[in-house]
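Thank you all for coming; I would like to use these few minutes to walk through how some helices pack in this protein, and then to turn to its pocket. Please have the structure open as I speak.

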Amino acid sequence: MRTLCISPIITKSMKKNIFLEIEYLGTGYFGFQIQVHESRSEVTVQGLIEKAIEKLFKQKVRIVYAGRTDRGVHAKGQVVNFIVDTSIPLNNIKAALNTLLPLDIRIKRLKKVSLDFHARFWAKSKLYEYVILNRDEPSVFDKDFSWHVAEKLDLDKMKKAAKKLTGKKDFVVFAKEAKRYKTCVRKIKEIRFKKKGNFIHIYIEADGFLRSMVRNIMAFLVRVGLGKIKLSDVGGIIKGKLPYANKPAPGSGLYLVKVNYEEV
């Protein structure tokens, strides 16, 4: 009797891990991270990206992000990734998603990465920029993109205070909801300043940031620049030996510039 041999049907998986580098204006959004009960008045960047992905691929996908940004904070280089089973070419995915997203959220770069890539856990460092408009009068054109400080800032004192912040330290004093972290130790690699006319640009890079840490540090540096905190007290405040109450700088002046990876 002849035996019938049936070959198994081999299907090739189209599963891809998609890396997105995104820029957005945070002015009109309730931060980056999706809200548990997101409403029309609490629209988030993550929520809109996930809706665009769902429309394109006809499936619900939860994205992974390098870091969440607060309400009003902008991004020049936020990074997210998501896994999806698709045969759509990468160039078509980028064009389609940008068509589905509002004009104040843009995908700058899209690529396929290894399936184990994770936007947050693989990040080696993040670079933020903070913009201060330091002059008597505010600007209607820059109010959503900078922090207006009318009093003259002493930039030299701010730079000296910033040097005391660099290195590996416990930054619990600058953390929001510090108890939610196992440790508040982070390493600030660099804080540098650039002055352009009445604008002061402050760049801060670290291996990681606590919630509201950047905005709290910016407010701290401004208080030093205004003479409200003595340079001699900076070290004591950082170590928690002197009392200090956080009041974060406005989100409007903050930009997530870049997330650094070794292999992406």
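Before I give any angle, let me say that a helix axis here is a line fitted to C-alpha atoms over the stretch in contact, and that angles run from 0 to 180 degrees between N-to-C directions. Please also keep in mind that this is a predicted model.

With that in hand, let us begin with helix α1, residues 45-57, and helix α2, residues 90-100, whose axes come within 9 Å and cross at roughly 125 degrees. That angle makes α1 oblique to α2, and the crossing is right-handed. On the α1 side the contact is made by A52, I53, K55, L56 and F57, and on the α2 side by I93, A96, L97 and L100. Sorted by class, this contact has 8 nonpolar residues, 1 charged residue and no polar ones.

Now let us move to helix α3, residues 155-165, which takes part in two of the pairs I want to show. Its axis and that of helix α5, residues 231-238, come within 10 Å and cross at roughly 25 degrees, which makes α3 roughly parallel to α5. The crossing of these two helices is right-handed. From α3, the residues K157, K160, A161, K164 and L165 meet L231, V234, G235 and I238 of α5, and by class this contact has 5 nonpolar, 1 polar and 3 charged residues.

How, then, does α3 lie against α4? The axes of α3 and α4 come within 8 Å and cross at roughly 140 degrees, and the two helices are therefore oblique to each other. Here too the crossing is right-handed. In this contact K157, M158, A161, A162 and L165 of α3 meet I217, L221, V222, V224 and G225 of α4, and the residues divide into 8 nonpolar, 1 polar and 1 charged.

Helix α4 also brings us to the largest pocket, since it gives the most to the lining there, with 3 residues. The volume of this pocket is about 700 Å³, and of the 27 residues that line it, the closest to its centre are A66, G67, R68, R120 and F209. The elements that give two or more residues to the lining are the strands β2 (64-65) and β5 (125-134), together with α4 (213-225). By class, the lining has 13 nonpolar, 5 polar and 9 charged residues.

Key: Residues numbered from 1 in each chain as written. Predicted model: local features only at pLDDT ≥ 70, side-chain atom pairs only at ≥ 80, totals over all residues. Heavy atoms only, no water. 1 Å grid on protein atoms, 1.4 Å probe; cavity = no way out; pocket = protein on both sides within 12 Å on 5 of 7 lines; lining within 4 Å. Points joined across faces, edges and corners; volume = space filled by probe spheres on them. Helix = DSSP H or I, 4+ residues; strand = E, 2+ residues; numbered from the N terminus. Nonpolar A, V, L, I, M, F, W, Y, C, P; charged D, E, K, R; others polar. Parallel < 35°, antiparallel > 145°, perpendicular 65-115°, else oblique. Left-handed = near helix turned anticlockwise from the far one by under 90°. Contact = heavy atoms within 4.5 Å.
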